[in-house]
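Work through the exercises below with the sequence and the model side by side. Try each task before reading its solution.

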Amino acid sequence: MVERLSRGPASVSELAQPLDMTLSAVVQHLAVLEASGLVRSEKVGRVRTCTIQPDRLQLAEQWIHARRTSWEKRLDRLGDFLAETEPKT
Amino acid sequence: MTQRSVVHATFVVERTYTATPARTFAAWADPKLKALWFPAAEEAGYEFDFREGGREYSVGTAEAGGPEFVFAVDYREIVPNERIVYAYYMDMGGVRISVSVATIEFHAKGAGTRMVVTEMGAFLDGHDTVAQREHGTNWLIDRLGESLNEVPAAT
């Protein structure tokens, strides 16, 4: 859904169409995305159009990237430590 | 006034070590062993109380003159040689930047260990110091997708 929206705005039914999900499940997913600020939607007449908020996506991206990098460094250090202290067999 | 916002995200980091699960777990559990690989253990004021309900606390700067970071852990579940679950928050320059749950699983793999770290976090108000930005990350979308797989019941 996020992938589709990153290509441009779409209506709820357009988002639901390629997915093997009920319309109400799609609406629930969108509610989660909207609550996280990643997606904004606007109702014009009977059509609700969804738009991705790129700055929010970038924030999540930066945050995960930073945390992953710090975990990777930490776990590599642990690996070095475990290798150095390997008991002789 | 601070613009309030929360981004939720989940990610997984895995490593396979030749060390046994018991030895890998001990590197997290034993203060003397942990001090040998965990950088924050060298900082003044470091606290480490490894038991359920115990706390780990460190304060330090990533670079000279940079903002002060606080890393505060509450150990919530400890299954020796198998699993550690803890909640933690991070502050940067006195401002809370995130609250997370981290799970560390130790799986026997041959004589060694496959260790899986999963972090589920709430990232607060867009505070961030990361200069490097990674663009076009499909993995982010995958991870976000995974974190969204559990949809709350409709109200």
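Two strands count as paired if DSSP finds at least two bridges between them. Strands (E, at least two residues) and helices (H or I, at least four) are DSSP runs, numbered from the N terminus. The model is predicted: local features need pLDDT of at least 70, side-chain atom pairs count only at pLDDT 80 or more, and totals for chains, interfaces and linings use all residues. Residues are numbered from 1 along each chain as its sequence is written, while chains are lettered from A and ligands numbered from 1 in the order in which they are written.

**Exercise 1. Trace the pairing of β2(B) with β3(B), and find the positive phi in the turn.**

Step 1. Locate β2(B) at residues 47-48 and β3(B) at residues 55-61. They run antiparallel and are joined by 2 bridges.

Step 2. Pick a pair: Glu47(B) faces Tyr57(B) of β3(B).

Step 3. Inspect the turn. The two strands form a hairpin with 6 residues between them. Gly53(B) has the positive phi, about 90 degrees.

**Exercise 2. How many bridges join β3(B) to β4(B)?**

Step 1. Find β4(B) at residues 68-79. The count is 7 bridges, and the strands run antiparallel.

Step 2. Check the register. Glu56(B) has Val73(B) as its bridge partner. Thr61(B) stands opposite Glu68(B).

Step 3. Look at the hairpin turn. It has 6 residues between the strands, and Gly65(B) takes a positive phi near 80 degrees.

**Exercise 3. Follow β4(B) into β5(B), then place Ala26(B) relative to Asn81(B).**

Step 1. β5(B) covers residues 83-92 and pairs with β4(B) in the antiparallel sense over 10 bridges. Val70(B) stands opposite Asp91(B).

Step 2. This hairpin has 3 residues between its strands. Asn81(B) has a positive phi near 70 degrees there.

Step 3. Turn to Ala26(B), in helix α1(B), residues 21-29. Its C-alpha lies 7.7 Å from that of Asn81(B), although the two are 55 residues apart in sequence.

Step 4. Classify Ala26(B). A residue is buried if 20 or more other C-beta atoms, placed from the backbone, lie within 10 Å of its own, exposed if 12 or fewer, and partly exposed in between. Ala26(B) has 18 C-beta neighbours inside 10 Å, so it is partly exposed.

**Exercise 4. In what order do the strands of the chain A sheet lie?**

Step 1. List the elements. Chain A has 4 helices and 3 strands, running α-β-α-α-β-β-α from the N terminus.

Step 2. Order the open sheet: β1-β3-β2, with antiparallel pairing. β1(A) (10-11) and β2(A) (39-44) are the edges; each has a single partner strand, so one side of each lacks a neighbour in the sheet.

Step 3. Check one pairing. β1(A) meets β3(A), residues 47-52, through 2 bridges. Ala10(A) stands opposite Cys50(A).

Step 4. Add the helix. α3(A), residues 23-35, packs on the sheet and touches β2(A) and β3(A). Contact means C-beta atoms, placed from the backbone, within 7 Å. The direction of α3(A) makes about 120 degrees with that of β2(A). Axes are lines fitted to C-alpha atoms, for helices over the stretch in contact, and angles run from 0 to 180 degrees between N-to-C directions.

Key:
Contact = placed C-beta atoms within 7 Å.
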